[in-house]
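Got the viewer open? Load the model below, and let's walk through it one selection at a time.

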Amino acid sequence: MTEYTPILALGALAAGFAIFSILAGSMTGPKRYNRAKLDRYESGIEPSPLPEGGGKISIRYFIIAMLFIVFDIEIIFLYPFAVAFDSLGWFGLIEMFIFMITVFIAYAYVWRRGGLEWD
């Protein structure tokens, strides 16, 4: 159990910092609410009007977000490979090619099915 103590301590420290940051921000931040602050934000463009009581967001928005996460995780996996490239040898190179091919197949599938088109 002593091997996991630093990991648990770091997790507790991170959780404590997150809780402290949220509480400090809510206690010390300005509380001036107006119509512009309460309006939703759509990437810098004028928000489209919604019916009374809110409206439905297109499922395409969430699909694009999930695709972004998938390809972002792919990039995260490329960093350790780049750092340990010399020590991995041919095995690491072949494994990375297999990984890249599977990601490319997923990308081509999504592209072909129209998942990247915003209607």
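Start with the whole chain in cartoon view: there are 4 helices and 0 strands, in the order α-α-α-α along the sequence. Helices here are DSSP runs of H or I with at least four residues, strands are E runs of at least two, and both are numbered from the N terminus. This is a predicted model, where local features need pLDDT of at least 70, side-chain atom pairs count only at pLDDT 80 or more, and totals for chains, interfaces and linings use all residues. Residues are numbered from 1 along each chain as its sequence is written, and side-chain values use heavy atoms, leaving out hydrogens and water.

Now colour by pLDDT, the predictor's confidence in each residue from 0 to 100. The chain averages 83. Among its elements, helix α1 (residues 5-28) has the highest mean, 94, and helix α2 (residues 35-38) the lowest, 73.

Next, select residues 59-83, which is helix α3. Its 25 residues reach 38 Å from first C-alpha to last, close to the expected 36 Å (1.5 Å times one less than the number of residues). Which residues of α3 are buried? Pick Leu67, Glu74 and Phe81; buried means under 20% relative accessible area, exposed over 50%, partly exposed in between, with a 1.4 Å probe and protein chains only. Show α4 (85-112) too, since the buried residues of α3 pack against α4.

Last stop: Tyr61, also in helix α3. Tyr61 counts as partly exposed because its relative accessibility is 45%.

Methods. Contact = heavy atoms within 4.5 Å.
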